[in-house]
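Open the model in your viewer and keep the selection panel at hand. The tour begins at the ligand, moves out to the whole chain, and ends at a single loop residue.

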Amino acid sequence: MGSSSIEKNLASEYYDAVIVGSGFSGLFMLDKLRSEGLKVTVFETGSDIGGTWHWNRYPGARVDTEFYVYQFTSPNLYEDFDYTERFPSRDEVLRYFRHLDEKLDLSKDIQFNTTVESAKFHPDDNKWLINCSNTQTNANSKVSAKYFILCTGSAWKLHVPKIPGLDKFKGTVYHTSRWEGEQNASQFGSKQIAVIGTGASGVQVVQELGHKLNTDGKLVVYQRTPNLALPMKQCLVQGSTNLPKKSDFPAIYKETRNNYAGIDYDSIPRNALDDNQEERRALYEKLWSKGGFPFWVGSYQDVLFNKDANATAYQFWAEKTRERIQDERKKDILAPLVPPHAFGTKRPSLEQNYYEVFNKDNVDVVDIRKDPILEITKNGIRTENGGETEFDVIVFATGFDGITGGILNIQIENGSGQSIQSKWGQGTSTQLGITCSGFSNMFFLYGPQAPTAFSNAPTCCEVQGEWLTRLIGKMEKENLKRVDASVEAENVWGEIVRGIWNSTLFPETGSWYDGANIPGKPREPLNYAGGIPSYAKALKECEENEYKGFIFQ
Ligand code: N01
């Protein structure tokens with residue numbers, strides 16, 4: 001008996017498929033694979049389902065996607081569930097996850113408080129040996145599985161920048177994605193609060209804390225890059241006359257598969273400079289008045305590709321935003337006249353009253369490109385020009401080691417001496433953004449080189465999950481033991497991903513979209529920027545060509 005088999009025999013349980021993570025993609029795969037008759041389990045570090053929504057419990061957490069597309073498309077699932085707000089709060093999204101659980105009886109196959117630490121493929125019998133630890137008891141366990149499916153999401157591994165002195169701070173420190181304790185913003189009303197970071201999380205937490213701030217409280221936002229945030233135009237679903245009804249959902253869901261971002265609208269087939277100034281202004285006003293992302297992804301087709309087109313969008317954004325900020329100094333920091341980067345190449349947040357928060361005397365913003373943070377002290381934060389400012393609370397809204405962080409957090413070995421950490425050490429390579437060569441029977445959803453961050457999560461998960469279910473169904477039906485992606489296919493997909501990325505304005509900016517936010521992380525397109533329809537087409541063509549680029553045994 002070789003050592004490989006000895007290890008394998010230590011596994012306490014065998015599953016056809018092990019899924020890591022119980023967010024949208026993990027739950028979708030659990031349901032689909034069980035329907036195929038497979039024995040499936042999900043390992044989840046958290047104590048409940050919801051993935052990113054379980055963890056991101058900071059005050060003001062809310063989804064930037066409209067309620068009717070932020071759910072799965074099966075009538076069985078939407079017929080008896082109702083969101084109450086156009087852009088649902090975290091509590092509502094969690095209510096939706098509980099609804100999924102009730103309808104599909106998911107929790108019985110999820111092992112909560114359980115972290116997958118490592119996994120190794122054993123080529124002698126084509127199975128993965130998976131090591132887990134219980135987050136409460138620290139007890140370890142091993143299971144084996146034929147298929148190993150990573151549904152670790154785009155925002156699992158948090159990022160806290162290395163600022164000298166953090167360990168000295170006597171107050172309370174939060175990271176938005178691991179908020180422990182008090183979540184009600186009113187409880188922070190008289191606190192002296194610092195927020196570092198102005199991404200989607202930063203904008204929401206600042207907005208919520210800022211508006212609940214009492215006159216004896218203080219909020220200082222440390223901004224490195226302004227968020228080019230767009231008005232949300234939040235409203236209640238009930239009573240609204242211009243939001244879709246359930247009877248509209250089937251047509252909308254059909255549309256989501258035809259549109260770039262997997263939502264119900266797309267860019268318009270016209271270039272910004274083809275219109276004269278008046279026509280352009282009229283279109284921008286119309287898109288702006290809708291609220292949400294139409295001004296970003298429902299605008300002229302060349303805004304994210306052409307600098308001159310992009311400049312027209314930025315100018316409109318700056319004009320609209322600057323008129324909401326009273327103080328000239330704050331105005332120039334939050335909405336500068338010179339674009340910090342091309343509009344839309346960092347994810348804009350949706351805001352309700354973010355800019356008005358800064359009209360309060362006790363809310364300030366520091367441009368840390370001009371006045372860098374030197375250190376965190378016992379009592380607060382010291383900057384180069386501003387000296388020390390005292391705080392009770394420091395909030396890190398500094399984001400994530402996105403897209404690949406959740407996968408690379410697990411020590412994964414392929415059975416031929418290669419780890420995923422070494423394979424992706426100099427850059428990510430995948431076949432169709434769903435698997436990678438050398439790692440047999442391993443798949444990932446909503447991960448690298450797929451539409452992921454450039455698409456609506458439920459749409460992306462359904463497109464990938466349906467395809468993967470058919471692939472696994474074929475293997476089971478034909479009694480195939482193993483599938484591998486070829487190196488050639490992986491190289492071709494990498495070229496496609498890079499080619500599309502380089503045709504856009506995104507590479508010039510740098511963000512978690514391309515790894516630029518994490519010191520030392522290779523800078524590369526982590527997302528497939530070709531949109532949902534062409535991604536779905538690539539998957540379909542592969543399947544129709546007898547899974548070209550895959551090798552079955
Ligand atoms: O993270 P981010 P996030 N010193 O990486 C700053 C999803 N999401 O958690 O831009 C000072 O976007 C950094 O500055 P810069 C959504 O997809 C969705 O906000 O790198 N600052 C930036 O301002 C989103 O895009 C929702 O110059 C530092 C911020 O920290 C994704 O998650 C809600 C710094 C990080 O922003 C991530 O959003 C929340 C440093 N050393 C999240 N390092 C909704 O749907 C980083 N920063 C509403």
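Select the ligand and the residues around it. The shell has 24 residues, and those that come nearest are Arg62, Thr198, Ser201, Arg224 and Thr225. This is a predicted model, and the positions on this tour should be read as such.

Now colour the shell by residue class. It divides into nine nonpolar, nine polar and six charged residues. Next, colour by secondary structure. Which helix gives the most to the shell around the ligand? Helix H6, which spans residues 200–211, does so with three residues.

Stay with the ligand and display its polar contacts. Three stops are worth making here:

- Gly199: a polar backbone atom of this residue is 3.4 Å from an oxygen atom of the ligand.
- Ala200: here too a polar backbone atom faces a ligand oxygen, at 2.9 Å.
- Trp512: in this case the partner is an N or O atom of the side chain, 3.1 Å from an oxygen atom of the ligand.

Turn on the ligand surface. Taken on its own, the ligand has 910 Å² of accessible area, and the protein covers 85% of that.

Zoom out and show the whole protein as a cartoon. There are 17 helices and 20 strands to trace. The radius of gyration is 24 Å, close to the 24 Å that the globule rule gives for 553 residues, so the protein is as compact as a globular protein of that length. Align the view to the principal axes, and the C-alpha atoms fill a box of roughly 75 × 55 × 45 Å.

Switch to a surface view of the protein. It exposes about 22700 Å², of which carbon and sulfur atoms supply 47%. Then colour by burial: 59% of the 553 residues count as buried. For the inner packing, consider contacts between residues at least 6 apart in sequence; 72% of these join residues at least 24 apart.

For the last stop, select Ser299. This residue sits in the loop that runs between helix H9 (294–297) and helix H10 (307–322). Is Ser299 buried or exposed? Its relative accessible area is 1%, and buried means under 20%, so Ser299 is buried. To see what surrounds this side of the loop, add its contacts to the selection. Leaving out residues up to four places away in sequence, Ser299 touches Ser267, Ile268, Tyr284, Leu287 and Pro294.

Terms used: Residues numbered from 1 in each chain as written. Predicted model: local features only at pLDDT ≥ 70, side-chain atom pairs only at ≥ 80, totals over all residues. Heavy atoms only, no water. Near = heavy atom within 4 Å. Polar contact = N/O pair within 3.5 Å; in protein donor to acceptor, adjacent residues only side chain to side chain. Areas by Shrake-Rupley, 256 points an atom, 1.4 Å probe, with all protein chains shown as cover. Helix = DSSP H or I, 4+ residues; strand = E, 2+ residues; numbered from the N terminus. Nonpolar A, V, L, I, M, F, W, Y, C, P; charged D, E, K, R; others polar. Rg over C-alpha atoms; globule rule 2.2 N^0.38 Å. Buried < 20%, exposed > 50% of the residue type's maximum accessible area, 1.4 Å probe, protein only. Contact = heavy atoms within 4.5 Å.
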